[in-house]
Amino acid sequence: MNNCINDNSNLIGRRVLVTGAGGFLGSHVVDLLEQQGVKKVHGVMRSQCDLRDTSAVRELFEAFDPEVVIHIAAAQGGVAWQQANQCTAFLDNAAMMEALVAASIEKNVIRFVFTASSICYPAKANIPYQEAALWDGPPEPAHWGYAHAKRGGIALLQSAHQQHGLGASVVMPANMYGPRARFEPDRSNVVAATIRRCVEARDQGQDSITCWGSGRAIREFLYVMDAAEGVIRAASCLEEPQPVNLGTGVETTISQLVESVAEVVGFKGQILWDTDRPEGAPRVCMDITQLQKQLNWSPPTSLIEGLRATVDWFESSKG
Ligand SMILES: NC(=O)c1ccc[n+]([C@@H]2O[C@H](COP(=O)([O-])OP(=O)(O)OC[C@H]3O[C@@H](n4cnc5c(N)ncnc54)[C@H](OP(=O)(O)O)[C@@H]3O)[C@@H](O)[C@H]2O)c1
């Protein structure tokens, strides 16, 4: 079942189309493919092609004639963005997926890789999430539109695989962080928001910062460069659209995250918790047994190493 040695050997020499190339994960996937010697990589940004537009996608496929499609583009944001944009998240993500899968079938693409999300899991699934539980119940209402569009994308790929033999793989990334993450307040996740808060508190000489919740909620964090490597390994090795979790399997409390960020940033003030503020689900983490088994690999970067690289990037990019 597993022919994944440890590399991208099935991609060398292939024409690889990467969507979302102007975004966080997509830009790292393009860079890593190029560093690994995959020469025919075409990263596509929204300014070059609106992937919701079927004719534009068809033209893109005519021009580049991809053999492998790595679909990373998504209409997405933090919880607040998703709650305010349920319909947009559904329509945009579904439309991109439909246009891309239809063009891939038409052009006999040999492998389609889809980045879904850990958010697709049922709100009541057992923790750590196992792939087999994906369809056991509805997702969290806060992510309704986004999660259903991603689930629909998985079902579409499974149907295309069954009816047309489209080679496909689906990865379910955990919460990502790293250089080039979105730091804008309305689009950032907890890691980026915490880094920004600690850097500002340090620079302004504040004695304390106040974080939302109790700090006891548990999350899983994936370094973006490890995520890029996992996506490339999936593109090279996985041939069936059965979802595979792409995470670390490491559980971190929010208070451990904040303490680690404060240490890396050099913020020495007090960390206070406002328990009247919401903190979301008490525990979110994925089981990575399938990742280890099918890709012979797991993400190597520790949280503290990843945070150091992220903070360095953030400090240098803010000038
Ligand atoms: N970030 C996470 O923690 C996380 C966790 C789990 C799964 N994922 C999934 O992983 C993938 C990468 O996430 P990310 O954080 O790298 O996202 P990102 O930085 O928001 O990048 C997504 C890219 O898609 C582009 N895009 C959106 N709508 C488009 C359209 N209609 N046509 C063409 N391009 C379009 C965006 O362009 P604009 O910037 O111009 O809008 C952006 O460059 C996504 O599929 C996401 O759902 C992410």
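**Figure 1. The shell around the ligand.** The ligand is surrounded by 25 residues, and Leu25, Gln76, Tyr146, Lys150 and Met176 come nearest. A residue is near the ligand if one of its heavy atoms lies within 4 Å of it. The model is predicted: local features need pLDDT of at least 70, side-chain atom pairs count only at pLDDT 80 or more, and totals for chains, interfaces and linings use all residues. Residues are numbered from 1 along each chain as its sequence is written, and side-chain values use heavy atoms, with hydrogens and water left out. By class, the shell divides into 13 nonpolar, 7 polar and 5 charged residues. Here Ala, Val, Leu, Ile, Met, Phe, Trp, Tyr, Cys and Pro count as nonpolar, Asp, Glu, Lys and Arg as charged, and the others, Gly among them, as polar.

**Figure 2. Polar contacts of the ligand.** A polar contact is a pair of N or O atoms within 3.5 Å; within protein, one must be able to donate a hydrogen and the other to accept it, and residues adjacent in sequence count only if both atoms are side-chain atoms. Gln76 uses its side chain: a polar atom there lies 2.8 Å from an oxygen atom of the ligand. Ile72 contributes a polar backbone atom, 2.9 Å from a ligand oxygen. Met176 also offers a polar backbone atom, with a ligand oxygen at 2.8 Å. On its own, the ligand has 890 Å² of accessible area, and the protein covers 88% of it. Accessible areas come from the Shrake-Rupley method with a 1.4 Å probe; for residues, only the protein chains shown count as cover. Elements giving two or more residues to the shell are α1 (24-35), α5 (144-164) and β6 (175-177). Helices (H or I, at least four residues) and strands (E, at least two) are DSSP runs, numbered from the N terminus.

**Figure 3. A salt bridge between Arg52 and Asp92.** A salt bridge is a side-chain nitrogen of Lys or Arg within 4 Å of a carboxyl oxygen of Asp or Glu. The count comes to 16. In this view, the side chains of Arg52 and Asp92 meet at 3.2 Å, N to O. Arg52 sits in the loop between β2 (40-44) and α2 (54-64) and Asp92 in helix α4 (residues 86-106), so the pair ties together parts 40 residues apart in sequence. Arg52 is partly exposed at 35% relative accessible area, while Asp92 is buried at 12%. Buried means under 20% relative accessible area, exposed over 50%, and partly exposed in between (1.4 Å probe, protein chains only).

**Figure 4. Salt bridges within helices.** Glu200 and Arg196 form a salt bridge, with the closest N and O atoms 3.4 Å apart. Both residues lie in helix α6 (residues 190-203), 4 residues apart, about one turn of the helix. Glu200 is partly exposed at 36% relative accessibility, and Arg196 is partly exposed at 28%. Glu229 and Arg233 form another salt bridge, their closest N and O atoms being 2.8 Å apart. This pair belongs to helix α7 (residues 224-237); 4 residues, about one helical turn, separate the partners. Arg233 is buried at 9% relative accessibility. Elsewhere, salt bridges with shared partners join Arg14, Arg15, Asp65 and Glu67 into one network.

**Figure 5. The aromatic cluster of Phe183, Trp313 and Phe314.** These three residues form one aromatic cluster. Rings of Phe, Tyr and Trp (its six-membered ring) pair if their centres lie within 6.5 Å; planes under 30 degrees apart count as stacked, over 60 as edge-to-face and the rest as tilted. The whole structure holds 4 aromatic pairs. Phe183 and Trp313 make a tilted pair, 5.9 Å centre to centre with 35° between the planes. Phe183 lies in the loop between β6 and α6 and Trp313 in helix α10 (residues 303-317), 130 residues apart. Phe183 is buried at 6% relative accessible area, whereas Trp313 is partly exposed at 27%. Phe183 and Phe314 are stacked, with centres 4.3 Å apart and 20° between the planes. Phe314 is in helix α10, 131 residues from Phe183. Both Phe183 and Phe314 are buried.

**Figure 6. Backbone exceptions in loops.** Most residues other than glycine have a negative phi, and most peptide bonds are trans. The peptide bond from Ile127 to Pro128 is cis, with omega near -5°. Pro128 lies in the loop between β4 (111-115) and α5. Asp65 is not a glycine, yet has a positive phi of about 50°. The loop between α2 and β3 (68-71) holds Asp65, which is partly exposed at 30% relative accessible area. Asn108, also not a glycine, has a positive phi of about 55°. Asn108 is found in the loop between α4 and β4 and is exposed at 64% relative accessibility.
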